[in-house]
Amino acid sequence: SPTYQPSKSPTKAPSSDLPLVIMGDNGGDNFPLGRCEGDCDSHDQCQSGLLCYQRGGTESVPGCDGTGVSGKDYCAEKNNNLFISG
């Protein structure tokens, strides 16, 4: 008779998302900020090709992993329409 073998649980594919991290606030040596880095106050505080993603709490940031610091804004790729204006 056939032997029962439990199925392997699916493994999560490795994510290319970066963790949210606070690199500085109001300028400094870490500016312009890279992807998933904060705290940004305007798009020009992010590296080329990135925009400052405005959050009111711990909303997810496109292309980034984790919740980060509540209310802090992070730089993300220009693939979403929920960015601050300006």
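Arg35 is partly exposed, its relative accessible area being 23%; throughout, buried denotes under 20% relative accessible area, exposed over 50%, and partly exposed the range in between, with a 1.4 Å probe and protein chains only. The model is predicted, so that local features need pLDDT of at least 70 and side-chain atom pairs count only at pLDDT 80 or more, whereas totals for chains, interfaces and linings use all residues. Residues are numbered from 1 along each chain as its sequence is written, and side-chain values use heavy atoms, with hydrogens and water left out.

Arg35 takes part in a salt bridge with Glu77, the closest N and O atoms lying 3.8 Å apart; a salt bridge is defined as a side-chain nitrogen of Lys or Arg within 4 Å of a carboxyl oxygen of Asp or Glu. Because Arg35 is in the loop between strand 2 and strand 3 and Glu77 is in strand 6, this pair ties together parts that are 42 residues apart in sequence. Glu77 is likewise classed as partly exposed, at 38% relative accessibility. By the stated criterion there are 2 salt bridges. Asp25 and Lys72 also meet through their side chains in such a bridge, with an N to O distance of 3.7 Å. Here Asp25, in the loop between strand 2 and strand 3, is linked to Lys72, in the loop between strand 5 and strand 6, across 47 residues. Asp25 is partly exposed at 37% relative accessibility, and Lys72 is partly exposed at 26%.

The protein contains 0 helices and 6 strands, where helices (H or I, at least four residues) and strands (E, at least two) are DSSP runs numbered from the N terminus. The order along the sequence is β-β-β-β-β-β. Of the 86 residues, 33% are buried. Contacts (heavy atoms within 4.5 Å) were considered between residues at least 6 apart in sequence, and 45% of these join residues at least 24 apart. The exposed surface amounts to about 5,800 Å², of which carbon and sulfur atoms supply 49%; accessible areas come from the Shrake-Rupley method with a 1.4 Å probe, and for residues only the protein chains shown count as cover.

A disulfide is a covalent bond between the sulfur atoms of two cysteines. With a disulfide assigned to cysteine sulfur atoms within 2.5 Å, the count is 3. When bonded cysteines are counted along the chain, the pairing follows the pattern 1-5, 2-4, 3-6.

Cys36 is joined to Cys64 with an S to S distance of 2.0 Å. This link connects distant parts of the chain, from Cys36 in the loop between strand 2 (21–22) and strand 3 (37–38) to Cys64 in strand 5 (residues 64–65), 28 residues apart. The torsion about its S-S bond is about -95°, and the disulfide is therefore left-handed. Cys36 is buried at 0% relative accessibility, as is Cys64 at 8%.

The sulfur atoms of Cys40 and Cys52 lie 2.1 Å apart in a disulfide. Since Cys40 is in the loop between strand 3 and strand 4 (50–53) and Cys52 is in strand 4, the pair ties together parts 12 residues apart in sequence. The link of Cys40 and Cys52 is right-handed, with 95° about the S-S bond, and both cysteines are buried.

Cys46 and Cys75 form a disulfide with a sulfur separation of 2.0 Å. Cys46, in the loop between strand 3 and strand 4, is thereby connected to Cys75 in strand 6 (residues 74–77), 29 residues apart. The link of Cys46 and Cys75 is left-handed, with -80° about the S-S bond. Cys46 is buried, with a relative accessible area of 7%, and Cys75 is buried, with a value of 0%.
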